[in-house]
Every structure is written in structure tokens, then in C-alpha cells.
Amino acid sequence: MDINISYDHEFGEQTIGEQNTAVRPLKQIWEECMAVVRARVNNQSYKTWFEPISAARLEHNKITLKVPSQFFCEWLNEHYYSLINEVTTQVLGAEIRIEYEIAQEEIEISPEDMFMNAPQTEKNSSAGSAETESAREESRPEAKRQNFDSCLNPRYTFENYINGDSNQFARAAALAVANNPEGTSFNPLVIYGGVGLGKTHLVQAIGNHLVKSRRSHRVLYISSETFTVAFLDAIQKNSIGEFSNFYRSVDLLIVDDIQFFGGKEKTQDYFFHTFNALHQQGKQIVLSSDRPPKELKGLNERLISRFQWGLTADVQSPDLETRIAILLKKSNDDKVELPHDVIEFIALNVTSNIRELEGCLIGLLARASLESRKIDLDLAKDVVNSVIGEVRTHVTIEEIQRIVSEELRIPEDLIRAKTRKQEVVLARQIAMYLAKELTNSSLKTIGLHFGGRDHSTVIHAYQTIEDAMSTDPKQKSLVQQIRSKIENGLV
Ligand code: ADP
Ligand code: MG
């Protein structure tokens with residue numbers, strides 16, 4: 001499932017010198033190329049744009065490079081084409097065409113792929129004659145799985161899954177199933193939770209674990225949407241028998257995002273029978289959903305009740321510690337060391353899901369290499385801003401009071417006291433204004449932090465400062481100056 005892309009650059013017609021390819025394996029040639037590149041680009045760019053590349057093939061006048069994404073490929077082509085061209089020419093002794101192949105991250109199977117799998121399964125399981133070559137093959141446990149595409153992404157493992165309070169229960173349930181797929185009463189295991197919280201990762205981790213530990217087990221990962229498409233295709237091609245046999249031959253069926261079965265009645269009916277057949281044979285079923293089964297819309301009752309037979313576990317938004325642990329692990333995997341304040345800033349501000357955390361990390365690396373910038377707090381602020389829209393600041397009211405009093409040289413406790421001296425009143429009002437602007441605190445809370453004043457005092461202060469800023473440029477610049485002090489002091 002790779003996509004080939006070739007760019008039409010001018011390239012010479014020489015043939016690669018025989019001595020350059022015949023004697024050295026491709027891996028070694030590519031390592032030599034990378035050694036030259038490493039000396040030519042900075043470390044960050046090398047890690048971001050070159051380490052993920054592998055050389056897939058070297059054919060007559062053409063090298064095919066495997067890259068992680070379309071974006072990556074376009075980026076390389078735009079920014080590093082001449083470097084790669086120069087380096088391959090130097091190492092191979094002749095100019096050659098450079099092609100890219102994208103290794104798809106989300107491995108989805110098409111209906112055609114299903115049927116490349118399906119008849120094979122049939123043949124294997126019906127190969128009754130012990131004399132035949134294929135039957136002998138079949139008696140070896142690993143052969144049962146030969147050519148069987150589980151459609152799992154090998155990146156999603158338990159080892160890569162950070163444990164935290166938010167996912168502890170779901171992870172423990174998933175591990176129990178992975179370790180003992182026939183032995184738990186968690187059948188089906190349903191993992192549910194919001195977008196980007198690690199459902200797909202977790203359900204695939206079960207599959208990857210089993211593929212490794214039970215060599216004869218057939219594991220199949222599929223999204224409910226792909227299942228639907230394949231099912232409709234089978235109806236159209238009149239091959240529903242084959243389709244059924246295929247699904248009923250698996251030992252672990254993982255169906256991701258079952259909420260998309262909603263409203264598709266025929267598919268649901270069919271899935272109901274598949275579910276029953278597998279369940280009766282004691283085969284494990286793992287499902288994921290964006291909400292608990294009983295809240296699924298457009299699903300018929302009998303299916304929902306099946307989904308509730310086993311165990312339902314949720315994944316929640318990660319807490320701060322888990323977010324920090326995830327950032328540390330992922331940056332460590334990418335072999336980059338992030339300054340502590342950068343990690344903390346991202347973890348404090350990107351709170352809703354893990355996909356966004358990853359997005360920030362990728363953004364940081366890309367921007368650092370693209371703009372030749374150091375990874376620091378300023379860059380982190382820019383990146384977080386673009387990933388989550390607006391940076392949610394985490395300044396406290398106390399911090400605002402401290403900075404205002406420092407800037408205006410007023411003792412901090414006077415800001416909270418009853419003093420009505422003009423300069424203290426001004427400082428207090430500015431601090432209240434900024435507390436309203438920079439924190440999510442209610443007027444009541446703000447009032448409480450200022451010696452127990454009530455909310456109308458805070459409103460009055462806010463309006464006074466707003467008016468002063470619109471009529472008096474000096475006041476405006478004073479408030480803005482204090483505000484930027486507070487914002488820049490944030491981690
Ligand atoms: P969902 O399916 O719930 O939308 P995913 O499983 O696709 O979420 O997770 C989004 C990204 O976050 C993936 O790249 C995944 O590897 C990563 N991720 C999620 N949870 C964790 C975790 N606990 N530890 C490490 N990475 C995680
Ligand atoms: Mg998912």
C-alpha cells in the first residue's frame with residue numbers, strides 16, 4: 001500500500017557506474033549518502049528530514065526513497081532536492097532519478113485487499129488433503145497466518161503507550177485481553193472515549209501483542225467504515241459467502257470506531273451475525289467507540305446489548321503528569337532534548353488530547369529546522385498557538401498582583417488592603433483588569449483575591465481601566481507594558 005511519486009527533474013542519462021552498485025548493498029550506499037548529508041545540514045534538520053527516510057530500491061538510473069508522508073515528500077523535494085541529487089550523484093558516480101514512495105501510516109484495507117486475503121483463508125482452511133504441499137504448510141502454526149494481513153500499525157504497542165490515571169483501567173483491561181485472549185470474560189472489550197485519546201493505539205496494541213506472542217493467531221484490525229464498504233462490495237459481487245468465511249476465520253477481530261455503524265442497518269445486521277459466530281467460538285472481539293455503547297445513535301438494540309456483554313472501559317483526557325510523560329517519551333523517541341520549560345508550557349496549554357500534543361512536537365521540530373531556530377519558549381508559544389488556536393495562559397491572580405505591585409512600586413499587600421490612596425487604587429484596578437483579561441476566574445473569585453471585594457467592584461475597576469486606556473495613551477501603554485511582563489513571565 002505504498003504510493004509512488006516521481007518528480008520531473010532534469011537528470012543526466014549516464015548509467016550508474018557498475019562498481020558503485022554491484023559491490024555494495026543498497027543499505028550501505030544509502031548510509032554513505034546520509035553520512036554526506038549529515039555533514040551538510042544541521043543536526044535538527046537531519047533528524048527531522050533525513051533520519052526517517054529509507055532507501056527502498058535502486059534500479060536502473062533510479063533510486064526510490066521511502067518517506068513517511070505526502071507532506072514530507074513535497075517538503076524534501078522543495079527544499080532538499082538538489083542536496084539529495086548532489087549526494088546520490090557523488091556516492092553513485094552518476095546522476096540518477098529520485099523517486100519517493102510513501103509508507104502509509106493509517107493502514108486501511110480496501111475491499112479488494114480483503115478478497116486477496118479471503119480466498120487464501122478459504123484455501124488454507126479447506127486444505128484437507130494431508131499429502132499436499134499446502135496442507136503440510138498448514139500444519140505449521142505460523143503458516144496459518146501466512147500472507148494474512150492484520151492491518152495493524154506496528155507503532156501502536158503497549159510499550160509505546162504511556163500509562164496514566166486517565167487510561168489506567170482501559171490499559172489494564174486491554175493488557176488482560178492481550179495476555180489471555182480466550183480466558184477473560186471481557187468479550188467484547190469496548191474501549192470508548194473522545195478524539196485523540198488513544199483508543200486506536202490501545203486496541204491495536206492488543207493486536208500487535210497477540211501477533212507476536214501467538215504465532216498462529218489471526219488478528220484482524222478494521223475500522224467500521226472499511227468493514228461497511230467491504231460488506232457492500234461483497235453483496236454487489238455476490239461473494240458474501242467468502243466474505244463471511246474470512247471474518248469467521250479470525251481469532252481476534254478488532255473493529256475501530258463502531259459509532260460509524262450508526263444508521264447502516266444492513267451492515268449492522270450482518271455484523272451482528274459475525275459477532276455471534278465469533279463469540280460462540282470463543283474468539284475475542286475488541287471494539288472502540290467515541291461514546292459508551294448504550295449512547296450509540298442509530299444502532300439497533302440487540303447489537304448494543306451484545307456490545308455490553310463484556311467489559312466497557314473508557315479513556316479520558318490525560319492529566320498534566322501524563323501529558324508531560326507523553327511529551328518526554330515522544331521527544332526521547334525522536335532523539336531530541338526539549339528544554340524543561342518548553343515541555344511544561346506545551347503540557348500546560350495543550351490539554352484536550354494526545355494527538356494535539358504530538359502535533360505540537362512535530363510542529364516544533366519542523367519549525368526549528370525550517371526557520372533554523374532554537375527550540376525555546378518563544379518557538380513553543382508560536383507552535384502551540386497555531387495548533388490550538390489561542391494560547392491559554394495559566395497565570396494566577398497572585399502572580400498578576402505581584403507583577404503589578406513591582407511595576408508600580410506599591411507594596412503588594414496594599415493591593416489587597418482597604419487603602420484608598422489614589423496610586424494604590426490605580427494599581428488595584430489595573431491588577432483586577434488584568435486578572436479578568438488573563439485568567440478564567442469569575443468576577444467573584446477575582447474580588448475574593450482582592451481582600452474580599454464584591455463582583456461589582458471588579459466590574460467598576462475593569463470599566464475604569466478600559467475607559468482610561470481608550471482616552472489616555474499613557475495609561476494604555478502602562479497597562480500594556482505590565483501585561484506583556486506578565487505574559488512573558490509565563491511558562
Ligand atoms: P483515538 O483513536 O482515540 O482518536 P489515537 O489512538 O489515534 O486516538 O491516538 C492519537 C495519537 O496519540 C496517536 O499517535 C497515539 O499513538 C498517541 N497516544 C494516545 N494515547 C497515548 C498514550 N497513552 N501514550 C502514548 N501515545 C499515545
Ligand atoms: Mg481512532
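In this predicted model, Phe227 is placed in helix α10, which covers residues 224-236. With a relative accessibility of 0%, Phe227 counts as buried, because the limit for that class is under 20%. When neighbours within four places in sequence are left aside, the contacts of Phe227 are Ile222, Phe243, Tyr247, Phe261, Thr267, Tyr270, Phe271 and Thr274. A further spatial relation links Phe227 to Val255: the two are separated by 28 residues in sequence, while their C-alpha atoms are 8.3 Å apart.

Helix α9 holds Gln204. Gln204 has a relative accessibility of 3% and therefore counts as buried. Its side chain reaches the backbone nitrogen of Asn153 at 2.6 Å. Asn153 also appears among the contacts of Gln204 beyond four places in sequence, together with Cys151, Leu152, Tyr156 and Tyr221.

Cys151, one of these contacts of Gln204, belongs to the loop between α7 (133-139) and α8. Cys151 is not a glycine, yet its phi is positive, at about 60 degrees. The relative accessible area of Cys151 is 1%, so Cys151 is buried. A positive phi of about 60 degrees is also found at Asn61, again a residue that is not a glycine. Asn61 sits in the loop between β2 (54-59) and β3 (62-67), and it counts as buried because its relative accessibility is 7%.

The loop between α8 (168-179) and β5 (189-192) contains Pro188. The peptide bond joining Asn187 and Pro188 is cis, with omega at about 5 degrees. Phe186 lies in the loop between α8 and β5 as well. At a relative accessible area of 23%, Phe186 is partly exposed, because buried would require a value under 20%. Not counting residues up to four places away in sequence, Phe186 touches Ala173, Ala176, Val177, Gln284, Gly310 and Leu311. Phe186 and Val286 are 100 residues apart in sequence, and their C-alpha atoms are 8.9 Å apart in space.

Attention now turns to the ligand. Which residues are the closest to ligand 1? They are Ile162, Gly196, Thr200, His201 and Glu358, within a surrounding set of 19 residues. By class, the shell around ligand 1 consists of 7 nonpolar, 7 polar and 5 charged residues. Three helices, α9 (199-213), α14 (320-333) and α16 (354-370), each contribute at least two residues to this shell. Helix α9 is also the helix in which Gln204 is placed.

Why does ligand 1 lie between domain 2 and domain 3? Domain 2 (149-315) and domain 3 (320-388) both supply residues to the shell, so ligand 1 lies between them.

The table lists pairs formed by an atom of ligand 1 and an N or O atom in a side chain.

| Side chain | Atom of ligand 1 | Distance |
|---|---|---|
| Arg155 | oxygen | 3.4 Å |
| Asn167 | nitrogen | 3.3 Å |
| Lys330 | nitrogen | 3.0 Å |

On its own, ligand 1 has 560 Å² of accessible area, and the protein covers 96% of this area.

The chain as a whole may be described in similar terms. It contains 23 helices and 9 strands. Of its 491 residues, 47% are buried. The chain exposes about 24000 Å², of which carbon and sulfur atoms supply 49%. What share of the contacts in the chain between residues at least 6 apart in sequence joins residues at least 24 apart? The share is 75%. The C-alpha distances given above concern two pairs with particular separations in sequence: 28 residues for Phe227 and Val255, and 100 residues for Phe186 and Val286.

Key:
Residues are numbered from 1 along each chain as its sequence is written. Chains are lettered from A and ligands numbered from 1 in the order in which they are written. This is a predicted model: local features need pLDDT of at least 70, side-chain atom pairs count only at pLDDT 80 or more; totals for chains, interfaces and linings use all residues. Side-chain values use heavy atoms; hydrogens and water are left out. A residue is near a molecule or strand if one of its heavy atoms lies within 4 Å of it. A polar contact is a pair of N or O atoms within 3.5 Å; within protein, one must be able to donate a hydrogen and the other to accept it, and residues adjacent in sequence count only if both atoms are side-chain atoms. Accessible areas come from the Shrake-Rupley method with a 1.4 Å probe; for residues, only the protein chains shown count as cover. Helices (H or I, at least four residues) and strands (E, at least two) are DSSP runs, numbered from the N terminus. Ala, Val, Leu, Ile, Met, Phe, Trp, Tyr, Cys and Pro count as nonpolar, Asp, Glu, Lys and Arg as charged, and the others, Gly among them, as polar. Domain bounds come from an automatic or database domain assignment. Buried means under 20% relative accessible area, exposed over 50%, partly exposed in between (1.4 Å probe, protein chains only). Contact means heavy atoms within 4.5 Å.
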